[in-house]
Amino acid sequence: MTNGLPPLKELKEWKALEAHYEKLRGTHLRDLFAADAKRGEKLALEAAGIYFDYSKHRVTAETINRLCDLAEAAGLREKIEDMFTGEKINLTEGRAVLHTALRAPKNATVVVDGENVIPHVHAVLEKMEEFAEKVRGGHWKGHTGKTIKNIVNIGIGGSDLGPVMAYEALKHYSQRGLVFRFVSNVDGADFAEAVLDLDPAETLFIVASKTFTTQETMTNAETARDWALRALKDKAAIAKHFVAVSTNAAKVSAFGIDTDNMFGFWDWVGGRYSMFSAIGLSTMIAIGPKYFREMLAGAHEMDEHYRNAAFEENIPALMGLLGLWYNNFFGAQTIAVLPYEQYLKRFPAYLQQMTMESNGKRVTVDGRAADYQTSQVYWGEPGTNGQHSFYQLIHQGTKLIACDFIAFSKTHHKLGRHHDLLMANVFAQAEALAFGKTAEELKTEGVKDWLIPHKTFEGNRPSTTMLLDELTPAALGRLVALYEHSVFTQGMIWQIDPFDQWGVELGKVLAGRIAPELESAAEPELKHDSSTNALIRRYRASAGR
C-alpha cells in the first residue's frame, strides 16, 4: 500500500512550519492581541451553525497560511473527495469510508463497487422509523402482551459510545415514558445493575454487533436472553424481546431473533463512525424519527461545509490543523474537551474512541514508522465541574494543554441566573488561560511579594471556543461531524489510516487463550510470561479453582 507522497517531514511545507515555529514559539497571546485590536473578530469563523473562535491560539495569519499549505501539499482536498465519493481509502482493509453517506439526502448518488448505496441507506432508515414508531406508540408488545417500556442497548465501542452519548445529549427530546439503559462492559455488574429494576415482560433488548460474534456483546446478550427466559419461560419470547443490529443473519437467527427485526449496515461504516446508522436505533426510539432526521441533516450540513470550503475558512480542517500545530511543533500531547452543557457529559468519552482509535497509529499507510507524533490524548469533563477538578493543572501546571470549549447561547432550562453564570464561566476560563495574571498586576493589587509566584498565571494557554445557538439534534449532528472531519484531516496529513484498528486485536486474541485457562477445572499448562502465569495461578487459587 502507498499514498504516493514523500515522507511528511521531507515536505517543504513541513520544513517551512518548523522555521515558522522557531520564530513564533516565544510569542505571548497578550502580545498578539495587543498588536491587533480586532484579532478576536478576524480569527473566527461561522459556518454550519457553529461560531468558531480560534483567536486564543498561538498563531498568526502566517501560521494559518502555512498550515493550509501543508494540507494542500498532503493532498487533503483530493482525499476529502475520495472519501465522499466512495473510494476505498481504508487501505489496510480495502474498504470505502462512507459515514457521510449515512446522512446524505435521498436524491444523492454515492457509488461503491458499481452500486449507488444511498437507496440502501434510506431503506434501513425507513425500516428503523417504522419500528421506532411501533415501540414509541406502544404498538410493539412483549411476549405476554405487555407494552414495552424499557429499552436496553447491548454493544461495545462505537455500538455503545455513540448511542449512550446521543441519548444523554438529547435527553430533553426523548420520550420520558420509556426507560433507556446501555450495557457494554463484560463485567457482570454492568448488566446486573442495568436490569435490576426492570420487568422482563416490558423490556426490549437491542443487540448491536456487526458480526454477531463480538465477545463482550454476545456474552452480555446471552446473559440477557437467560434473564428474560427465566421470567418468560418460552423460547418464542426472544423474538418479541430482542432485535439485532447486525449483518450476520445466520447467527442472528440462531440466537432466536427474527431476521425481519434485524437492522443492517455496511462494511464501509466503521464502528466509531456508526451512530447515524442502524446503530442509532435506540437513539431513534428515544427521540423519534423526526428529530433523528434533524440530527442527520445537521451532520450533512457540516459534511457539505467540510467538502466545499477553502481550508482557511473550513472549521473542521482548521480544528485538525490547530491540533497538529500543538502536537507536532509545541509537543502538547493532550487536548481537553470541555462542554459547558451537562447534557454533553458523555461527549468527551465518545470523542476518545473517535480520535484515539482512529489516529493512534505508529506506522504510515506505506508501513514506515512515523518519526513524528500522531494522535493526541483526548479527555475532558463538562464545565463547571472540571474547574474544581483538573483546571488547576491546565492553568498553572507544567504541561501545555490545548482546550476545546463548547457552549450554547440558549438553554433548555431557564432557571434563574444559572445559564448566565455558566456562560460567564466558559468565557472567563478561556480569557484566563490566554492572558493569565502577571506579577506586576498582582503587585498593583497589593499581593505580598512571597505570595506573588504562587498567584501568578503564566497564560499563553491556547483554546478554541465553539458557540452554538442551542443543543438540538441538528447541533449534535454538526458537532459530531466536525470532530469526525478534524480527525480525518489529521490522519491524512500524518499519512496514516484512520479507519482501521488493528491495535485492539492482540488483546482480544490473548484473552481468548487465557479465558479457558481461568475456567478450567483441571490445572492448565501455562505458557505465558512469568508475570501472567503467576497472575493466572493467583486468580485460580482465589477463585477456588
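In what order do the five strands of the open sheet lie, and is their pairing parallel or antiparallel? In this predicted model, the five strands follow the order β6-β5-β7-β8-β9, and they pair in the parallel sense. The edges of the sheet are formed by β6, residues 179-183, and β9, residues 262-263, each of which pairs on one side only. At the β9 edge, the partner strand is β8, which covers residues 242-245 and is joined to β9 by two bridges in the parallel sense; within this pairing, Ala 244 has Met 262 of β9 as its bridge partner. Helix α7, spanning residues 158-169, packs on the sheet and touches β5 (150-154), β6 and β7 (203-208), with its direction at about 150 degrees to that of β6.

The search for enclosed space across the whole structure returned two cavities of 30 Å³ or more, and the largest cavity holds about 100 Å³ of space. This largest cavity is lined by 14 residues, of which Met 319, Leu 322, Gly 323, Ile 335 and Asp 404 are the closest to its centre. At least two lining residues come from each of α14 (315-330), β12 (401-408) and α20 (473-494), and the greatest contribution is that of α14, which supplies four residues.

With regard to cysteines, a search of the whole structure found zero disulfides. Cys 68 has a relative accessibility of 6% and therefore counts as buried, the limit for this class being under 20%. Cys 403, at 1% relative accessibility, likewise counts as buried.

Terms used:
Residues numbered from 1 in each chain as written. Predicted model: local features only at pLDDT ≥ 70, side-chain atom pairs only at ≥ 80, totals over all residues. Heavy atoms only, no water. Disulfide = S-S within 2.5 Å. Buried < 20%, exposed > 50% of the residue type's maximum accessible area, 1.4 Å probe, protein only. Pairing = 2+ DSSP bridges. Contact = heavy atoms within 4.5 Å. Axes fitted to C-alpha atoms, helices over the stretch in contact; angles between N-to-C directions. 1 Å grid on protein atoms, 1.4 Å probe; cavity = no way out; pocket = protein on both sides within 12 Å on 5 of 7 lines; lining within 4 Å. Points joined across faces, edges and corners; volume = space filled by probe spheres on them.
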